[in-house]
Amino acid sequence: MDPLSLSASAAGFFGLAVQIRTMLKGYISGIRNAPSEAGLLLAEIASLCSVLENLITFLGNQDLQQCRFDKTSVLRAAIEAGKEQLEGLYIKLAEIRDAFSGGKEKFKDGVVVKDGIREGISNAVKEKVERVRWPLKKVDFQSTMGELQRFTQTFGFSLTVENCKLLAETSAEVLKKLDEKDKTINGVMDQLKAISISIPAEMLSQQTQILEIKTLVVNLGERTVKELQSISRGVDNVQERLQDSEIEKILSWISPLEPQKRHYDIRQKRLEGTGGWFLQQLEFQQWIDEYSPKQNSTDTGSILTCSGIPGAGKSVICSLVIDDLITRFPPEGDVCVAYLYCDYRDQLDQTPVNMIGALLKQAISTLNESYSLPEELVEALRKRQKKRGGEQLNLKESHDFLVKAVKQFEKFYICLDALDECNTKHCANLLESLANVTKESSQECEIRLFVTGRPHLGWEDYIRRHPSLGAPVHICLEANQDDIRKFIAHEIEVDDNEDCMNDTLKNEIVERIVKNSDRMFLLPALQIQTILDQPTISKRRKALLTMPTELGDAFGATINRMRNQRSERSIQALDVLKLVFRSRRRMTPNEIRHYLAVDISDQALDWDNLPSEKSLVEWCLGLVVIDEETSTARLVHKSLHEYLSKLFKEGKIFQDSDGIR
């Protein structure tokens, strides 16, 4: 797409933004007490309109006429994604729009135009608008504002020839060059600090702008750029790809594990704007950037291990690393990103053959997306599947197929989360197999490993036994204080009980919880919930002063709060907690509802006795959660399972259980 065509696309985006701006102006002027969010959103939309108007004109610059904006370019993807974002917002604001519809009244620039004459808003319209409730909830509003700010920053950044040409490139190239800019700015800032010179506001603003653009690019990477690249290449190569149904059958047969579902669930819970500090760590940058393909050597830093105490946020950081890698290395290249999330609840399924199979599935999917899946590999899998009536691959077979797949890439990143939750024997077998894959494919591909786990993981022993894995570099993971602040502030912002909060209390809560966080995220999450459950400012302040400061105490305090609920809520909450803790397999919410509905005195199941799915989670006060993608209930963290196991062995809890209840 040439710059003028892109300008036309931006003009469509601009037209939609103008409609929303007009709508918001009328809403604010049409009611007596418009919410502050409406004014803030209007200001952000107005800023977006202004920068889009400038972009439309700027794209006519003669110096850009040789520039091309393919579907893989960041600026084109951002314009299309931004338009889609506004279309969603336009739908959410439908009630406001409808309040001004009807008759001959047309809405323009915040006033009514009737029969071509500008008038004030009629009383009938005012009454109609007064009845319209602000349609955006807090979470939606904050998310929308963040997205709009990033789009505005990105389009503003593009208003120079140099930057516009940069954003014509792919997300991987843009991220690489923005990282270089960021490092340069950080270097200058460090020098200024060293000689006690204050940092110019312009430099701080530039650093913020780069961070916002990088966040947008990362979001676009998986949501938009990947899809657009696949579609654009797929038009010409549709005959070269396997049919989706065929590849899905092969992938399902290779391994039952679906790590992408766990990844999606963790990513959905990750608070936007947190964890970025880890991606700037020197050890991480070196682990990504060191590149010596096709060399039979064990390079320094080919393994990055991250250990941390329970609740430090290791899985969240791992999900961030995975997303960053996927954005840097789109599937059409010579790099594959594969990952596993180990889980103490899945030890029966997370066998070495299934885990190696899961990595093989991801390698095949990447090759298929990039139209480079060798037919001989597919045919070998087909023959093996038919040969033994669909019997699953054994470990050696999975290993051999993985080697063949890995050799198709120049670089292969593997992320293993919570390796300490994997069965000890299975973990040893997995690493031994990966060491052999690394050794056998070293002439064609470089494998890099990212691993998280608790401090007792003992990587030195594993490396000593399997030196072909490479040399490890270690980072000790602790919850970042700025991330905790953002998390606590976010929880306060989305709390519905606004009357029980003021700025003074908010600051007290944030600072005290950060101070007592003990290097973990899980403890602050329990602490803030304890505080926000209180119904008055006074009681919230008292809860803040008396909140537990140890993780075990926080679990105990939460269970006591569950017990202190109304009788029926307390009974159900403890039953759900017991069921999730003691069940021999994962259970779906519906299974739990049916279980709770059974009354031994009934002749048949009373369908009116099923509790709501919402109550299963809410009445457990955060100790039980539902995985969105797997649709199963689980305890909030492995450390809670360990806490309950200790109490159970000591005879202090759930002693009436005979397997489940």
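Okay, let's start at Leu41. Skipping its neighbours within four places in sequence, Leu41 is in contact with Leu24, Leu89, Trp134, Leu136, Phe141, Thr144, Met145 and Leu148. Keep in mind that this is a predicted model.

So where does Leu41 sit in the bigger picture? The largest nonpolar core has 56 residues, and Leu41 is in the group that touches the most other members, along with Ile45, Leu48, Leu86 and Phe155. Quite a few helices feed into this core: α1, α2, α3, α6, α7, α8 and α9 each supply at least two residues. Apart from that one lies another core, of 47 residues, and Cys336, Phe412, Leu431 and Leu434 are among them.

Next up, Leu304. You'll find Leu304 in strand β4, residues 300-307. Is it buried or exposed? Leu304 has 0% relative accessibility, so it counts as buried. Leaving out residues up to four places away in sequence, Leu304 touches Phe278, Glu283, Phe284, Trp287, Leu449, Phe450, Val451, Val473 and Ile475. And have a look at Gly470: that residue is 166 residues from Leu304 in sequence, yet their C-alphas are 9.9 Å apart.

Last bit, a helix pair. α20 is residues 481-493 and α22 is residues 522-532; their axes come within 11 Å and cross at roughly 25°. That's under the 35 degree cut-off, so α20 and α22 are roughly parallel to each other. The crossing is right-handed. As for who meets whom, α20 brings Ile484, Phe487, Ile488, Glu491 and Ile492, while α22 brings Pro524, Ala525, Ile528 and Leu532. By type, that contact has 8 nonpolar residues, no polar ones and 1 charged.

That's my tour, thanks.

Definitions and conventions:
Residues are numbered from 1 along each chain as its sequence is written. This is a predicted model: local features need pLDDT of at least 70, side-chain atom pairs count only at pLDDT 80 or more; totals for chains, interfaces and linings use all residues. Side-chain values use heavy atoms; hydrogens and water are left out. Axes are lines fitted to C-alpha atoms, for helices over the stretch in contact, and angles run from 0 to 180 degrees between N-to-C directions. Helices (H or I, at least four residues) and strands (E, at least two) are DSSP runs, numbered from the N terminus. Angles under 35 degrees count as roughly parallel, over 145 as roughly antiparallel, 65 to 115 as roughly perpendicular and the rest as oblique. A crossing is left-handed if the near helix is turned anticlockwise from the far one by less than a right angle, and right-handed if clockwise. Contact means heavy atoms within 4.5 Å. Ala, Val, Leu, Ile, Met, Phe, Trp, Tyr, Cys and Pro count as nonpolar, Asp, Glu, Lys and Arg as charged, and the others, Gly among them, as polar. A nonpolar core is a set of buried Ala, Val, Leu, Ile, Met, Phe, Trp, Tyr and Cys residues joined through side-chain atoms within 4.5 Å. Buried means under 20% relative accessible area, exposed over 50%, partly exposed in between (1.4 Å probe, protein chains only).
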